Amino acid sequence: MFIDIWGKKIWYEVYGAEHSGTLLYLHGGPGASCLDFVDQARALGEKRRVILFDQLGVMRSDAIAEDESYGMEYQIEMVEEMRKLLGIEKWSILGHSYGGMLAVLYASTYPNTIQKVILDCPSLWFEDSARATAEYLSAHIDSLNDEQARKLCEKIKIAEYENPTDVVWDLSNLLCYVTDMELRFYLHSISVEEYEKSMDTADIADEMWGKGERHLMKLLEAGPAGSTQKKALMTDDLLPLIPKITAPMLLINGKYDPVCTKNQTAYILDNAQHVTQAVFENSAHYPRLEEAKKYTDTVLRFLEEAL
């Protein structure tokens with residue numbers, strides 16, 4: 001179903017509507033949709049109200065116009081408007097991957113609306129995640145015997161990027177060389193076929209898949225020339241926001257996940273005010289799929305703990 005936010009149609013779903021406690025899911029990508037969280041939403045919905053939505057410019061939500069202003073601050077203002085429209089006083093938020101960036105930005109901007117924060121394999125500094133991902137792919141890239149791919153992989157691992165946007169395109173190009181699809185999708189204990197089966201795409205039209213490219217481009221656009229206020233970009237290092245978050249926090253790590261790096265994990269554990277860590281020993285970037293029952297139990301246990 002859709003909710004209208006400032007004249008934009010945003011696709012959202014509610015599971016466990018009969019429950020009072022609410023968990024909002026913020027998907028990653030950017031542009032990945034909430035499709036692959038539905039099974040978890042059903043499981044968590046046995047005890048919590050769970051809200052999923054496709055961010056503006058993604059899949060079933062309205063597209064972003066070419067000349068439209070859009071960015072991370074706009075995203076979190078839409079989230080806050082959604083909370084008001086749905087009549088929710090406080091909720092917990094769960095951000096996966098890039099969604100972790102949105103979670104920390106929202107929680108630090110609107111602390112009084114937050115009960116608890118869950119960071120699921122978050123990427124809070126894209127360049128750091130890109131370096132770790134290049135390291136993760138390094139052996140596979142070497143096995144391809146492609147000198148251009150090898151040089152690109154080495155560049156990402158050691159480069160100091162003057163323009164942070166360049167690392168986004170370099171990593172995207174590197175992933176195009178990867179022939180092992182489990183590595184390409186950051187999976188450890190399930191196949192790509194199993195990952196794809198987790199998503200019901202029966203009602204997804206072909207044109208919906210292409211929306212995400214503009215969504216990504218808008219998140220990389222700097223603010224207008226001459227602006228005195230810096231616009232938050234998805235390439236920014238958002239780790240310094242962690243100490244400002246007062247709500248209890250759960251950090252979920254997949255043991256083999258290259259995206260939430262050792263550096264980022266250590267920073268979160270050392271600087272968050274109230275943090276618990278859950279490591280999933282048989283997962284990479286998708287513990288909710290690779291160790292689904294443990295994931296459900298871990299999230300519910302954290303949410304049900306007294307504040």
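A salt bridge is taken here as a side-chain nitrogen of Lys or Arg within 4 Å of a carboxyl oxygen of Asp or Glu. In this predicted model, K255 and E281 satisfy that rule, with an N to O distance of 3.6 Å. The two residues come from distant parts of the chain, 26 residues apart. K255 lies in the loop between β7 (249–254) and α11 (262–271), and E281 in the loop between β8 (275–280) and α12 (287–290). Both ends are partly exposed: K255 has a relative accessibility of 48%, and E281 has a relative accessible area of 47%.

The structure holds 16 salt bridges by this rule. Among them is the pair of E68 and K8, at 3.1 Å from N to O. This contact also links distant parts of the chain, 60 residues apart. E68 sits in the loop between β4 (49–53) and α2 (72–85), while K8 belongs to strand β2 (residues 8–15). E68 is buried, at 13% relative accessible area. K8 has 19% relative accessibility and counts as buried because the cut-off is under 20%.

R60 and D54 form another salt bridge, at 2.8 Å from N to O. R60 is buried at 15% relative accessibility, and D54 is buried at 0%. Shared partners join E13, D54 and R60 into one salt-bridge network.

Aromatic contacts were examined next. The model contains 11 aromatic pairs. In one of these, W6 and Y74, the ring centres are 5.5 Å apart and the planes lie at 65 degrees, so the pair is edge-to-face. W6 is in the loop between β1 (2–5) and β2, whereas Y74 is in helix α2, 68 residues apart. W6 is partly exposed at 45% relative accessibility. Y74 is partly exposed as well, with a relative accessible area of 26%.

W91 and Y106 also pair edge-to-face. Their centres are 6.4 Å apart, with 65 degrees between the planes. W91 lies in strand β5 (residues 91–96) and Y106 in helix α3 (residues 98–109), so the contact ties together parts 15 residues apart in sequence. Both partners are buried: W91 has 0% relative accessibility, and Y106 has a relative accessible area of 1%.

One aromatic cluster is formed by Y25, F37, F280 and Y295. F280 has a charged partner too: K294 lies over the face of its ring, 4.6 Å from the ring centre. Elsewhere, the charged end of R184 sits over the ring of F185, at 5.7 Å from its centre.

Technical notes
Residues are numbered from 1 along each chain as its sequence is written. This is a predicted model: local features need pLDDT of at least 70, side-chain atom pairs count only at pLDDT 80 or more; totals for chains, interfaces and linings use all residues. Side-chain values use heavy atoms; hydrogens and water are left out. Helices (H or I, at least four residues) and strands (E, at least two) are DSSP runs, numbered from the N terminus. Buried means under 20% relative accessible area, exposed over 50%, partly exposed in between (1.4 Å probe, protein chains only). Rings of Phe, Tyr and Trp (its six-membered ring) pair if their centres lie within 6.5 Å; planes under 30 degrees apart count as stacked, over 60 as edge-to-face and the rest as tilted. A charge sits over a ring if NZ of Lys or CZ of Arg is within 6 Å of the ring centre and within 35 degrees of the ring normal.
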